[in-house]
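Colleague: Please take a close look at one aromatic ring in this model and at what surrounds it. After that, go on to the other ring contacts, the unusual backbone spots and the empty spaces.

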Amino acid sequence: MLTVIGEALVDEVVSDTAPRRSHPGGSPLNVAVGVARMGRPVQFVGRFGSDTYGAMIAEHLRSNSVLTAFEADELPTSVATAVLDPAGGARYTFDLEWTLPGLDLPALLDGTTMLHTGSIASMLSPGAGHVLHAVERARPGCTITYDPNCRPTIITDVSYAREQAEKFVALADVVKASDEDLRWLYPDEPVEESARRWLAAGPSIVVVTRGSKGPWAVAAAGECEVAAPAVTVVDTVGAGDSFMSALLVGLMDRELDGGARRSDLARVSVEELRELISFAARAAAVTVSRAGANPPYRREVL
């Protein structure tokens, strides 16, 4: 089973060409839903409030068969406002609370073979410290996956963000980052070189998503890239999360999840790596072809 630890929020999507709309979101929540839609068991560990937005999130998780670890609390549900440009790209501002009260790690990790985290959850205190502890505790028995999904409007100190990201990278088996993430964290070097340095820090696979250029990946066996499928873009909300979900599902399909499979994951071939990122790119393409963070079901990923 996959356990996802991180933030849940509601995306308020604003553009000049369409009415304002609300979608449940948050990068980790989107990943959990994407994995569930592809038929894999998943639990979500994150908070949301007992308000209208929180009810929307709870129903979204329930209707997608995602298990939840926490009940709604009395804090406001976090909100992200996504302002779309004419090409469908999203620029975000946030109003959020990130805490993790009373993590019962032995219970949460029971049956977990893969643990995913990232985004705001790995950067914003006080919750980020709890997430790091959970990753350290889970690592012996679980495959650890990480997506920094940097939010410079929230974490404005790039030195701090770099330090936080590198803590998680050193513990991770699989890392996915966007080219925008890596350019912000390491502005003085090519994104591929940053990814290679991250690979040397411990992971078995590092993947870089590059929008319409398609993803690029590196492992011990070598490097590869695939073209992004040609689609009409409605918006890019949740595209990276759908990519991450499909990447995780691909690893589970190949039985590469679990601490006991760490050596097998480290020996992944370039051809297997290409197949993994191609599948993930097709999932992301489905998401950008429709509004909001709406990840595909397995049958939609051709």
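Modeller: F168 has a relative accessible area of 1% in this predicted model, so it counts as buried, the limit being under 20%. F168 belongs to helix α5, residues 158–171. Its ring partner is Y146, in strand β9, residues 143–147. The two rings are stacked, with 5.2 Å from centre to centre and 15 degrees between the planes. Y146 is likewise buried, because its relative accessibility is 1%. Along the chain, Y146 and F168 are 22 residues apart, and the pair links distant parts of it.

The whole structure holds two aromatic pairs. In the other, formed by Y186 and W198, the ring centres are 6.1 Å apart and the planes stand at 80 degrees, so this pair is edge-to-face. Y186 lies in the loop between α6 and α7, and W198 in helix α7 itself, residues 191–200. Here the separation along the chain is 12 residues. Both Y186 and W198 are buried.

The ring of Y186 has a further contact: the charged end of R197 sits over it, 4.6 Å from the ring centre. A second arginine, R299, is placed over the face of Y297, at 4.7 Å from the centre of that ring.

Next, the backbone. Most peptide bonds are trans, and most residues other than glycine have a negative phi. The bond that joins S125 and P126 is cis, with omega at about 5 degrees. P126 is in the loop between β8 (114–118) and α4 (127–138). S119 is found in the loop between β8 and α4 as well. S119 is not a glycine, yet its phi is positive, at about 60 degrees. With a relative accessible area of 1%, S119 is buried.

S65 also has a positive phi without being a glycine, in this case about 65 degrees. Its place is the loop between α2 (52–63) and β5 (67–68). S65 is exposed, because its relative accessible area is 58%, and the limit is over 50%.

S119 comes up again in the enclosed space. One cavity of 30 Å³ or more is counted, and the largest cavity has a volume of about 30 Å³. S119 is part of its lining, together with I120, M123, N149, C150, R151, I154 and I155. By class, five of these lining residues are nonpolar, two are polar and one is charged.

Last, the open space. The largest pocket contains about 1,300 Å³. It is lined by 48 residues, and those closest to its centre are S178, E180, T236, A239 and G240. Several elements each supply at least two residues of this lining. Among them are the strands β2 (9–14), β7 (90–95) and β10 (174–178). The helices α1 (27–37), α6 (179–185), α8 (239–253) and α10 (270–288) contribute in the same way. The lining of the largest pocket divides into 22 nonpolar, 15 polar and 11 charged residues.

To return to the request: F168 is a buried residue, and its ring is stacked with that of Y146.

Conventions
Residues numbered from 1 in each chain as written. Predicted model: local features only at pLDDT ≥ 70, side-chain atom pairs only at ≥ 80, totals over all residues. Heavy atoms only, no water. 1 Å grid on protein atoms, 1.4 Å probe; cavity = no way out; pocket = protein on both sides within 12 Å on 5 of 7 lines; lining within 4 Å. Points joined across faces, edges and corners; volume = space filled by probe spheres on them. Nonpolar A, V, L, I, M, F, W, Y, C, P; charged D, E, K, R; others polar. Helix = DSSP H or I, 4+ residues; strand = E, 2+ residues; numbered from the N terminus. Phe/Tyr/Trp six-rings, centres within 6.5 Å; stacked < 30°, edge-to-face > 60°. Buried < 20%, exposed > 50% of the residue type's maximum accessible area, 1.4 Å probe, protein only. Lys NZ or Arg CZ within 6 Å of the ring centre and 35° of its normal.
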